[in-house]
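Me: Please take a close look at one part of this model for me. I want the place where the two chains meet, in one connected account.

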Amino acid sequence: MKELEAQFEQFVGQVAEPPRVARYAVNEAMIRNWVEAHDDLNPVYVDADAARETGRSGVICPPAMVSTWVMQGYRRWRAVQRQQADGVVEDHAYFRLLALLAEHGFTSVVATSQEQEYVRELQPGDHVTCHFTIESISPVKRTGLGLGCFITLNKRYVDQHGDLLVDERFVMLRFDPSTQEKVA
Amino acid sequence: MSIETLDLRGRSVGDTLPELAIPLDRTTIVAAAVASQDFEDVHHDPTKANERGTPDIFMSINSTNGFLDRYVTDVFGPATRFKKVALRLGVPNFPGDTMTFSGEVTEVAGDDVTLKVVGRNSRGAHVTATVTITPSQEAAK
């Protein structure tokens, strides 16, 4: 494990992957799917008049939805799964880190914490790009899910003008489920 | 609105928020993951979730964040604006769980109100969050 941990240093501070440009602008249809799934009846997400009554210029996007815009879609998700199964590693720091961890059995992932600072509310028409940086990697630890390490990513979401929308710190655990200690 | 809406103005430290119980079935967990374009198998495929060391599919962090937003604006109304949300996950939310949100005011600084919010299921705290919100500019006038 010391050998593995010694390799973490080369990843810290690196750009994780190329900037992710949203596939489409913030839009009312995706917002509606989201608020329905969360059974959220706040009218500012779907009703422009109601939003204007609260001082906005029109409907806004739910704050927690920011990451949705830069998700890569089902087809790309399938392609990445196939690549991983075939051992293809794209030449980005984050892909190389995940491949290194997978070689050591850390194949599974859970998110553990997230901090988001909202600079301004997103509205339909905004076009989001996210810049990912690997901020830190913890030593290998024993967790309830098995041996693993915590990876902290910084995500800076900017609009089409390059202005900051949301600054995020996202922490996830990459772990080896076969090392889980069963509770009797 | 399923719960009483409180005015953000005039809140003081120690004020408690009304609780909101959200029953979570399998479809809720899958619908919320897909609405965020998250296709990780642990959020929709029980067999794959088992292989990865969990007994069933579980809620995604983005969905948790979405339900947290919903709770806060259910309580404080549509004029609420979010400045910062810091959340930490504890026990997972599985199909069949009910997550009950509760909260209290922990800080008031100018127009900003900071809340501690916890979403619990029957096994413990699923999410513990610090949320800073402001009233709308209009409401602040």
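Reply: What follows goes through the interface and then turns to two backbone angles.

This is a predicted model. Start with the extent of the contact. Interface size is often given as the accessible area lost when the parts come together. Here chain A and chain B bury about 3,400 Å² between them. Of that area, 53% lies on carbon and sulfur atoms. Chain A puts 45 residues into the contact, and chain B puts in 39 residues.

Next, the polar side of the interface. There are 15 residue pairs in polar contact across chain A and chain B, counting pairs with both residues at pLDDT 80 or more. Which elements of chain A give two or more residues to the side that touches chain B? They are helix 2 (28-37), helix 3 (48-53), helix 4 (74-85), strand 2 (108-118) and strand 6 (164-176). Strand 2 of chain A gives the most, with ten residues. By residue class, the side of chain A that touches chain B has 21 nonpolar, 15 polar and nine charged residues.

Stay with strand 2 of chain A. Its partner across the interface is strand 2 of chain B, residues 81-89. Five bridges join these two strands, and they run antiparallel. Glu115(A) has its bridge partner in strand 2 of chain B, namely Ala86(B). The side chain of Glu115(A) also reaches chain B: it forms a salt bridge with Lys84(B), at 3.9 Å from N to O. The cut-off for a salt bridge is 4 Å, so this pair counts. In total, two salt bridges cross the interface of chain A and chain B.

Now the backbone angles, one in each chain. Asp39(A) is not a glycine, yet its phi is positive, at about 50°. This residue sits in the loop between helix 2 and helix 3 of chain A. Both of those helices are among the elements that give two or more residues to the side touching chain B. Is Asp39(A) buried, exposed or partly exposed? Its relative accessibility is 47%, so Asp39(A) counts as partly exposed.

In chain B, look at Gln37(B). Its phi is positive too, at about 65°, and Gln37(B) is not a glycine either. The residue lies in the loop between helix 1 (26-35) and helix 2 (46-51) of chain B. Its relative accessible area is 14%. The limit for buried is under 20%, so Gln37(B) is buried.

Technical notes: Residues numbered from 1 in each chain as written. Chains lettered and ligands numbered in written order. Predicted model: local features only at pLDDT ≥ 70, side-chain atom pairs only at ≥ 80, totals over all residues. Heavy atoms only, no water. Contact = heavy atoms within 4.5 Å. Buried area = accessible area lost by both parts, 1.4 Å probe. Polar contact = N/O pair within 3.5 Å; in protein donor to acceptor, adjacent residues only side chain to side chain. Helix = DSSP H or I, 4+ residues; strand = E, 2+ residues; numbered from the N terminus. Nonpolar A, V, L, I, M, F, W, Y, C, P; charged D, E, K, R; others polar. Pairing = 2+ DSSP bridges. Buried < 20%, exposed > 50% of the residue type's maximum accessible area, 1.4 Å probe, protein only.
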